[in-house]
Amino acid sequence: MLNIDLHCHSNVSDGVLPPAEVVARAAANGVHALALTDHDDVAGIAAARAAADAAGLTLIPGVEISVSWGGQTVHIVGLRIDPLNTELAAGLADIRRGRIGRARRMGDDLARAGIAGAYEGAFNYAANKEMVGRTHFARWLVAQGHAPDMRSTFRRYLTRGNPGYVEHEWTSLENAVGWIRASGGMAVIAHPGRYAFNARQLHLLLDAFRALGGEGIEVITGSHHPSEYGKFADLARAFSLKASRGADFHAPGEGIDIGRLPALPHYCQPVWQGWPELAAHLSPSIA
Ligand code: AMP
Ligand code: MN
Ligand code: MN
Ligand code: MN
């Protein structure tokens, strides 16, 4: 069986490893094909591709786009995108500019709660100064002793109703799916189990996503408890969406490692079905 992991982060967004080290870790874990899906940036793909070529691993160019839909933040993964596509690049640059202002407001909100210096502190954890996010704030808050680990940091801070959380308008679902498709990619709903939607709202999201040309949904992800896999596999089938698998790796020792997830349920149609770049990893048929 091919080990395919289609969701992970480098230090171009909120992961800790440089793109080439993410690829090396995937190769060491026996991954055949890896999608680098940094938040709102494609700047790591060239280095990841070079490392993948050297390691004999297939690099799938990807991105994870931040979207506002139905009063929540929803993440849309783009797979097999063209990182040089100007429409996609311009859209992502716009989201990153919005992140800077949001970070300023987050810092101000934390200061009001008695925690000074968070804005500057978070930027120290961002290798890519254009891509700052809540994870960078969380790493700084942990280092400053405001919480013992990332999990409790997000429970106490940076989430709705807590210090450091500010409302932010990301791009639209229509834009995100449109940019991904314009660049030749496939749009996939990331970690559907993470959103605070009821069943009706989730179905509306899947309908809207399909109507815009979205094609896939993550079923096996580090963000889902194993008890949720069946539910999302059923949902994928019910909505005629292809199923994806990805650890959502950010850092060694945090969450599930790259390629270390169960396989998709057998009745799922994988997003990678028919991708010619995977043929090299399949045993040659008798010619
Ligand atoms: P942002 O896009 O700046 O809002 O940051 C979102 C990122 O924060 C996600 O991609 C995760 O990496 C991280 N995150 C969100 N919630 C949690 C949590 N409960 N525990 C750890 N990391 C989280
Ligand atoms: Mn992240
Ligand atoms: Mn996400
Ligand atoms: Mn992610």
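Metal sites, sheet and loops

Biologist: In this predicted model, how are the donor residues of the manganese ion (ligand 4) spaced in sequence?
Modeller: The ion takes its protein donors from His-7 (NE2), His-9 (NE2), Glu-64 (OE) and Asp-248 (OD), which lie 2.0 to 2.3 Å from it. Written along the chain, the donor residues of this manganese ion (ligand 4) follow the spacing H-x1-H-x54-E-x183-D.

Biologist: How many residues apart are Glu-64 and Asp-248, and where does each of them lie?
Modeller: Both residues are among the protein donors of the manganese ion (ligand 4). Glu-64 belongs to strand S3, whereas Asp-248 belongs to the segment after S7, and the pair thereby links distant parts of the chain, its members being 184 residues apart.

Biologist: Why does Asp-248 count as buried or exposed, and what is its relative accessibility?
Modeller: The cut-off that matters here is that buried means under 20% relative accessible area. Glu-64 is buried with a relative accessible area of 0%, and Asp-248 also counts as buried, because its relative accessibility is 11%.

Biologist: Which residues coordinate the manganese ion (ligand 3)?
Modeller: The donor residues of this ion are spaced E-x10-H-x115-H in sequence, and their coordinating atoms are found at 2.1 to 2.2 Å. With the atoms named, the residues that coordinate the manganese ion (ligand 3) are Glu-64 (OE), His-75 (ND1) and His-191 (NE2).

Biologist: How many residues apart in sequence are the parts tied together by Glu-64 and His-191?
Modeller: Glu-64 lies in strand S3 (residues 58-69), while His-191 lies in the loop between strand S5 (186-189) and helix H8 (199-211), so the pair ties together parts of the chain that are 127 residues apart. Both residues are buried, and the separation asked for is 127 residues.

Biologist: What distance separates the manganese ion (ligand 3) from the manganese ion (ligand 2)?
Modeller: The manganese ion (ligand 4) is separated from the manganese ion (ligand 2) by 4.5 Å. For the manganese ion (ligand 3), the separation from the manganese ion (ligand 2) is 5.5 Å.

Biologist: Which strands stand at the edges of the sheet?
Modeller: The open sheet has 7 strands in the order S1-S2-S3-S4-S5-S6-S7, with mixed pairing. Each edge strand has a single partner strand, so one side of each is left without a neighbour in the sheet, and the strands in this position are S1 (4-5) and S7.

Biologist: What is the bridge partner of Val-188 in S6?
Modeller: S5 and strand S6 (residues 216-221) pair in the parallel sense, over 2 bridges. Within S6, the residue that serves as the bridge partner of Val-188 is Gly-216.

Biologist: What angle does the direction of helix H2 make with that of S3?
Modeller: Helix H2 (residues 45-55) packs on the sheet, where it touches strand S2 (33-36) and S3. The angle between the direction of H2 and that of S3 is about 150 degrees.

Biologist: Which strands does H7 touch?
Modeller: H7 also packs on the sheet, and its direction makes about 160 degrees with that of S3. The strands touched by H7 are S3, strand S4 (72-79) and S5.

Biologist: What is the value of phi at Leu-158, and what is its value at Ser-240?
Modeller: Most residues other than glycine have a negative phi. Leu-158, in the loop between helix H6 (150-156) and helix H7 (173-182), counts as buried because its relative accessibility is 0%, whereas Ser-240, in the loop between helix H9 (229-238) and strand S7 (242-246), counts as exposed at 51%. Both have a positive phi: for Leu-158 it is near 70 degrees, and for Ser-240 near 50 degrees.

Biologist: With which side chain does the side chain of Asn-128 make a polar contact?
Modeller: Asn-128 is found in the loop between helix H4 (118-124) and helix H5 (134-143), and is buried, with a relative accessible area of 16%. Not counting residues up to four places away in sequence, Asn-128 touches Asn-11, Val-12 and Asp-41. The polar contact, at 2.8 Å, is made with the side chain of Asp-41.

Methods. Residues numbered from 1 in each chain as written. Chains lettered and ligands numbered in written order. Predicted model: local features only at pLDDT ≥ 70, side-chain atom pairs only at ≥ 80, totals over all residues. Heavy atoms only, no water. Donors = N, O, S within 2.8 Å, 3.2 Å for Na, K, Ca; no water. Helix = DSSP H or I, 4+ residues; strand = E, 2+ residues; numbered from the N terminus. Buried < 20%, exposed > 50% of the residue type's maximum accessible area, 1.4 Å probe, protein only. Polar contact = N/O pair within 3.5 Å; in protein donor to acceptor, adjacent residues only side chain to side chain. Contact = heavy atoms within 4.5 Å. Pairing = 2+ DSSP bridges. Axes fitted to C-alpha atoms, helices over the stretch in contact; angles between N-to-C directions.
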